[in-house]
Amino acid sequence: MIIEERKITVGEVCKGYFNDAEEGVVGYDEQLDIRPKYQREFVYKDEQRNEVIRTVMKGLPLNVMYWVDRGEEFEDDPDTPRYEVMDGQQRTISLCEYVDGNFSVDDMLFVNLPKDKQDKILDYELFIYICNGSESEKLDWFRIINIAGEQLTDQELRNAVYAGSWTSDAKRYFSKSGCAASVLAGDYLKGSSIRQEYLETAILWAASDEGKTIEGYMSEHQHDPSAVTLWNYFRSVIDWVQAIFPKKRKEMKGLPWGLYYNKHGKRTDLDPEALELEIQRLMGDEDVTKKSGIYEYLLTGEEKKLSIRAFDRRDALAVYEKQNHKCAICGKEFEFEQMHADHITPWSKGGKTTPENCQMLCRDCNLKKGNL
C-alpha cells in the first residue's frame, strides 16, 4: 500500500466545484468525489461551518484530510486519476460552498472580501494523505483512521474501497432517502438507508447465499455495470416474506429475512393461513418472552428462539422444599443451586410456567429429559 502526503490549495480543490443532491459533490477539476452519489449527507451546523472558514482566514491548521485513489481514470484522459474524500468531507464542502458564494461569515461573502483575503483563502494549503493499494489494504487503513469526527460505518468504508459502477448503482437502490429498498421493505429493515445499513443488509444476505463475505461479494461484483442482480435477489426475499407472513407486525422489523429465505425459500410446506393462526396464538402466550423469535421458531421448530419464560426463584424454592431437596427423577438429594426448575408438561405440549407444572431436577436428569 502507498500513502502519499500532498499539499493541495483550497483554490485547487474548489476548481470545478459542483454540488447536487442526487448526483453528488465533486471538485478538484472534477477529479475528486467529495460526496459520491447517494452517500449520506453530513451537514455541519452554521457555526461549525463558519469556524472552518475562520480557521483558514487566520492561517491556522485544519486537521489532516484523507483521500483514496479510486484506481479509475477519465475515459478521455487516462493519465488523470480520480479520488474520493474518505475523511474531511464537511470541511471540504464548507470551503467550496463559501468560495462559491453560498453563505457568508461574519456578514461577509467571499466575493466581498478584499483581494488579499480572497487570495489567502485560495492559497491556503490543505494537508492531504492519499492512499493507493489493494482493497484489503485500503479497508484496513480506513478503519484505523476512522477514529474521530463523524465516523463512517463499516459499509461506508467498503463503498469507498470497492468504488465502481456496481457500487454506484447499488447505492441508487439502497442508499438514499426514499430509495426503492425503503419503499419496498422499510417495515422489515432496521437502521438507515443513508447510513448504508440497508445496502449492507442486502449484500450480507446475498453474500451468505453464495458462501461469501460482504467484502468478497463486493470485490467480485465491483466492476459489474449494474447491481440489478442484487436488487432482484432482494425483491425475491421481500416477496417471499410477504407471501408467507402477509400480516405485518412490528416484531418483523430487523429480522434476518434474507438468511431465512436462503434456507427456507424453496419449501412448499409453509401454509400462510396456518402460520398466521400459530403466530396469533404465540403472540398471546405470556410464556413466550421473545415475540420476534416466533418467525424463526415457525421455520425451524427451535423452541429456544422463543425464550420461554423460566420459573421464578420463589416458586422453584417452594418446589425444592416440597421435594425434600431431592431430584424428582433420580431421587438423589442436591443443593438448590445444583438443580434446575423444569416444566413437568413441556411448554411445547401445552404446559405452562406455573408452580403446579414445576419440578426440580438435577442437572444430569434435566439434560437427559431434554434430549428425549
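This note covers the overall form of the protein and then two of its helices, α9 and α13.

1. Model and make-up. The model is predicted, not experimental. Its secondary structure consists of 16 helices and nine strands.

2. Overall dimensions. The radius of gyration is 29 Å. A compact globule of 372 residues would come out near 21 Å. Along the principal axes, the C-alpha atoms fill a box of roughly 95 × 45 × 40 Å.

3. Burial and surface. Of the 372 residues, 45% count as buried. The accessible surface is about 19600 Å². Carbon and sulfur atoms account for 47% of that surface.

4. Contact order. Take the contacts between residues at least 6 apart in sequence. Of these, 61% join residues at least 24 apart.

5. Helix α9, geometry. This helix runs over residues 197–209, which makes 13 residues. From first C-alpha to last, α9 reaches 19 Å. That is close to the 18 Å expected at 1.5 Å a residue. Just after α9, Gly211 takes a positive phi of about 70°.

6. Helix α9, surroundings. Which residues of α9 are buried? They are Tyr198, Leu199, Ala202, Ile203, Trp205, Ala206 and Ala207. Their cover includes α6 (154–161), α7 (165–174) and α8 (180–185). It also includes α10 (214–221), α11 and α12 (257–264).

7. Helix α13, geometry. Residues 272–283 form α13, with twelve residues. The span from its first C-alpha to its last is 16 Å, close to the expected 16 Å at 1.5 Å a residue. At the N-terminal end, Asp271 acts as the cap. A side-chain oxygen of Asp271 lies 3.1 Å from the backbone nitrogen of Glu273.

8. Helix α13, two sides. Leu275, Glu276, Ile279 and Leu282 are buried, each with under 20% relative accessible area. Why do the buried residues line one face of the helix? Seen down the axis of α13, they fall within an arc of 130°, so they share a face. The general rule is that an α-helix has 3.6 residues a turn, so residues three or four places apart point the same way. On the other side of α13, Glu273 and Leu277 are exposed.

9. Helix α13, packing. What do the buried residues of α13 pack against? Their partners are α11 (228–244) and α14 (294–300). Helix α11 also appears in the cover of the buried residues of α9.

Methods
Residues are numbered from 1 along each chain as its sequence is written. This is a predicted model: local features need pLDDT of at least 70, side-chain atom pairs count only at pLDDT 80 or more; totals for chains, interfaces and linings use all residues. Side-chain values use heavy atoms; hydrogens and water are left out. Helices (H or I, at least four residues) and strands (E, at least two) are DSSP runs, numbered from the N terminus. The expected span of a helix is 1.5 Å times one less than its number of residues. Buried means under 20% relative accessible area, exposed over 50%, partly exposed in between (1.4 Å probe, protein chains only). The arc is that of the directions from the helix axis to the C-beta atoms. Contact means heavy atoms within 4.5 Å. A polar contact is a pair of N or O atoms within 3.5 Å; within protein, one must be able to donate a hydrogen and the other to accept it, and residues adjacent in sequence count only if both atoms are side-chain atoms. The radius of gyration is taken over C-alpha atoms; the globule rule is 2.2 Å times the number of residues to the power 0.38. Accessible areas come from the Shrake-Rupley method with a 1.4 Å probe; for residues, only the protein chains shown count as cover.
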